[in-house]
Structures are given as C-alpha cells and as structure tokens.
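Work through the exercises below with the sequence and the coordinates side by side, and try each task before reading its solution.

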Amino acid sequence: MLASALILCLALPVSAQRMSECTDPQTREECLRKASLANLAGLCGTNGMPNMVGCALQAACARNAEHYCHPMSLLADVCLRDPGMIGMMGCSEYNRTCIASPNPPKECSEHGPLPYVLGTDRTTQNLLEMCRQMSMAACSQCTSEMACANPLLTISTVCKDHTMVQCADWIAMCTASGVAEEPPGLSFCPSISGALPLMQMYFHVGIRDFVLFKGWVPQTGGQYCLSLLFCLVLGIIVIWLKAFRAQWEEEHTREYPLPRHGSHLQEGYRMEHPSTRPQPCPICRATAACTCAERLLAPVEKDPDGCGRCDGADAGGRRAAPPRGSVRSQWWRRWAPSGRMSAFPWRENAVRAALVLVTALLDYSLMLVVMTFNLGLFLAGCLGLAAGTFLFGHRMARNRPATGGACCDD
C-alpha cells in the first residue's frame, strides 16, 4: 500500500478546487462536494488505486449521493482507514479541512465515514489468510497483496458463505446501524444484519452460533436456552432409539424362524442362524455344543448317561467337521438374499434399516451441533446422552437365557 501511495502521489494531478477554499457558508456545502468528487476522481481513477475499499464503496453508490454515499463520506473512507493515505495528495486536503483544522466545518461531521469501514491492507491480509486455510472459488480474485482487484467485494463473497474469524471486521461493518439497509453497504452486506456468527474452531462461549440451519442463530438468551434444551432432548432421544433397537433385535432374534433344508443338507448337519452361537447346556454333564435353535430343529439323541445332545455331536458334545465341499462348508451361501438356501427376512430388515436411518440422522445432527465448539451446546449434548443412558441404559443390555432354561430341556 505504501508503494502504491508513492506512485499515486507522483501521478495524481492537483485538485481543481481545494476544500480549504470553501469558506463561504452559503456555498460551502456544494463547494465541499465538488472538491471531494475531484479528489475521489484522482484517488480512484485509472492513475490512482481503484482497488481501495473506499473506491469500491464509491462504485457501489453509483449516482446515489445521500448519507454514506456523499462524496465527503466516501473521501473519508479512503483517507482515514488505510495507513499512509492521510498525507497523500487528495487526502491531504481532507486532513487540513476536517482533521487538523481547529474549527472544521459542520459538513465534516454530518458526512463522516462509514462506521467500521474496512481498511484495504487489513482486508487483503485477512483474505489471503482465509484462502490459505480453505480453498474457495473467490480466492482466485485475490492471489497476493499486489493482485487483489477488489478486496471488499471478494471478502463479502467469502464471508457470506464462510463466516470465519477473519470476517470479524466485515461483520462489524455490516452490523453497524443502518449500514446493511442502504447504499453502499447494501451491495456488500447481507440483508439481515446481526445474524452472522463467526466460525470459531475452538471452544468458546456466547449465544450466536449456527445451529444446523442458516436461519437458526440464537440472538437472545431465551432463544439460546431453547437451543440448549433441543440438544438435551436430542441426546436423550438418540439413546432411547438405540435402546429400542437393541430390545427389538433381542426379541426378533429369538423368534427368527430357521429354514429346514431337508435334502439340500447332508444328514447330520444343520445350518446355524448367523445371530446364534454355540452354548453349553447346563443340565447335561456333557458339554453339548449345540444352539437353542438347533435343539429345536434337530433330533435329540440320548447318550448312555441320559444327557441330550444335538444330532451330529459325539458323546462329549463336540460336532464333527463337515465334509469337504459340503453345503455347510459353503459359508457364503448362508448370506444370499434369496434362493433355496435362505429365507431372507425382508420385513425385519426393513425395520432395521428404518431404525438405522432415523438413528443416524439424529446422531449426526447432534454431532454437527457439538462441532460448533459452543461450550453450552457441547455440554447440553453430552448431558443429553448421559441422561438418556441413565433412563434407558438397562434396556440396551441383551437378555441372555437363564442357566438351565428351556433351551436345553428335552
């Protein structure tokens, strides 16, 4: 910026009318307006620095000359925010008339700069830092400090979609009273002021954060409390759904009907259900490694001691390995969705899929809320999960058959 200001100082022509010469109270308003326009033409023209924030504001004003679009206000935007500009030709006139003068004209205060107007250097640096952290389409418009044609337009484009920490200056300007509702701020700020929280990727406190949706941004303490309650209830619902699914699985696993394959299996072998596992029979002295489902389907033999064992098991309860190439050894056929070798549980799996879908939607929604790094929302989500476990945790443990139950009764 300093090098560009030096070039501007050499190239800028002398103003046709000096602001310091506007002393007549009757014509001072018009005189200052014309002098400001002449200075702006030199500062933002082809021989000046049109990339400055103040020059972008002037272009956004077009033919509007009211309030912050008044030439004196725009000249203040150019001269006051960028270091080194106040001494440059064009800005020096504004300095002598409105800053250094012991009795500045009332027009200097009536047509002051835009509140929290951005500085060109700082805006460019913030843009480059954001583009180093995250690749965005708008970054191609500002690749270096010397190749940034319109920093204000670029940072507005970026910050409307990604409210990162470097957008703090832009947010301060856009949320100032009246800036976003009229030119020139209307061209660079969102239509709803005050609804743009920062993206802070570390734990922080505060009430203004995005909660899942762009329009869900707590603005008051009451709205923030409702958001905390939402996270708490969401955590409880997530645990309840998981407990409900675990109980449902337990009930339907016990009731799952195993197919009798008859001639498709070699004699002495039965296909196990994937959810069942061999369990020792507590009534028998021998450890018959047969499952409850197999005991229901397979004929039960009696050993000399009177202890029942599964068909195909020896006196010790051990089952012989299936012959090589038998149907039992073709494990992959057990998982076929259809065909003679499997009765696929379409209805049960549809319920499972629906439960997984709803649980995943709510689970990941809670995760996204927690990832705002808002300490209150984070703690509310964790407390919801803990409260849900306290209320429904006992339903998540699978009920096992009691020792000596009906599973092993002959």
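The exercises that follow concern a predicted model, and they treat its disulfides, its unpaired cysteines, a helix, the nonpolar cores and a proline in a loop.

**Exercise 1. Describe the disulfide of Cys-79 and Cys-91, and state which elements the pair ties together.**

Solution. Begin with the sulfur atoms of Cys-79 and Cys-91, which are 2.1 Å apart and form a disulfide, one of the 9 that the structure holds. Next take the torsion about the S-S bond, which is about -85°, so this link is left-handed. Then place the two residues: Cys-79 lies in helix H4 (residues 71–81) and Cys-91 in helix H5 (residues 91–99), so the disulfide ties together parts that are 12 residues apart in sequence. Finally, consider accessibility, where buried means under 20% relative accessible area: Cys-79 has 2% and therefore counts as buried, and Cys-91, at 0%, is buried as well.

**Exercise 2. Determine the handedness of the link between Cys-22 and Cys-31, and then do so for the pair Cys-159 and Cys-167.**

Solution. For Cys-22 and Cys-31, the sulfur atoms of the disulfide are 1.8 Å apart, and the angle about the S-S bond is -65°, a left-handed link. Cys-22 is buried at a relative accessible area of 8%, and Cys-31 is buried at 11%. For Cys-159 and Cys-167, the disulfide has an S to S distance of 2.0 Å, and the torsion of about -90° makes it left-handed. Both partners are buried, with Cys-159 at 0% relative accessible area and Cys-167 at 0%.

**Exercise 3. Explain why Cys-231 and Cys-382 are not counted as a disulfide.**

Solution. The cut-off for a disulfide is a pair of cysteine sulfur atoms within 2.5 Å. The cysteine sulfur nearest to that of Cys-231 belongs to Cys-382 and is 10.0 Å away, and Cys-231 is in no disulfide. Seen from the other side, Cys-382 is also in no disulfide, and its nearest cysteine sulfur is that of Cys-231. As for their surroundings, Cys-231 is buried with a relative accessible area of 0%, whereas Cys-382 is partly exposed at 36%.

**Exercise 4. Check the span of helix H12 against the expected value, and list its buried residues.**

Solution. Helix H12 covers residues 346–370, which is 25 residues, and at 1.5 Å a residue it should span 36 Å. The C-alpha atoms at its ends are 36 Å apart, so the expected and computed values agree. The buried residues in H12 are Arg-352, Leu-355, Thr-359, Leu-366 and Val-369.

**Exercise 5. Identify which helices supply the largest nonpolar core, and say what the second core includes.**

Solution. The largest nonpolar core has 56 residues, and Leu-43 and Met-130 have the most contacts inside it. At least two residues of this core come from each of helix H2 (28–44), helix H3 (53–61), H4, H5, helix H7 (120–133), helix H8 (151–161) and helix H9 (168–174). A second core, separate from the largest one, has 6 residues, among them Val-211, Tyr-224, Val-369 and Ala-380.

**Exercise 6. Locate Pro-104 and describe its surroundings.**

Solution. Pro-104 sits in the loop between H5 and helix H6 (106–110), and its relative accessibility of 38% makes it partly exposed. Setting aside neighbours within four places in sequence, Pro-104 is in contact with Thr-97 and Cys-98. The C-alpha atoms of Pro-104 and Ser-20 are 9.9 Å apart, although these two residues are 84 residues apart in sequence.

How values were computed:
Residues numbered from 1 in each chain as written. Predicted model: local features only at pLDDT ≥ 70, side-chain atom pairs only at ≥ 80, totals over all residues. Heavy atoms only, no water. Helix = DSSP H or I, 4+ residues; strand = E, 2+ residues; numbered from the N terminus. Expected span 1.5 Å × (residues − 1). Buried < 20%, exposed > 50% of the residue type's maximum accessible area, 1.4 Å probe, protein only. Core = buried A, V, L, I, M, F, W, Y, C linked by side-chain atoms within 4.5 Å. Contact = heavy atoms within 4.5 Å.
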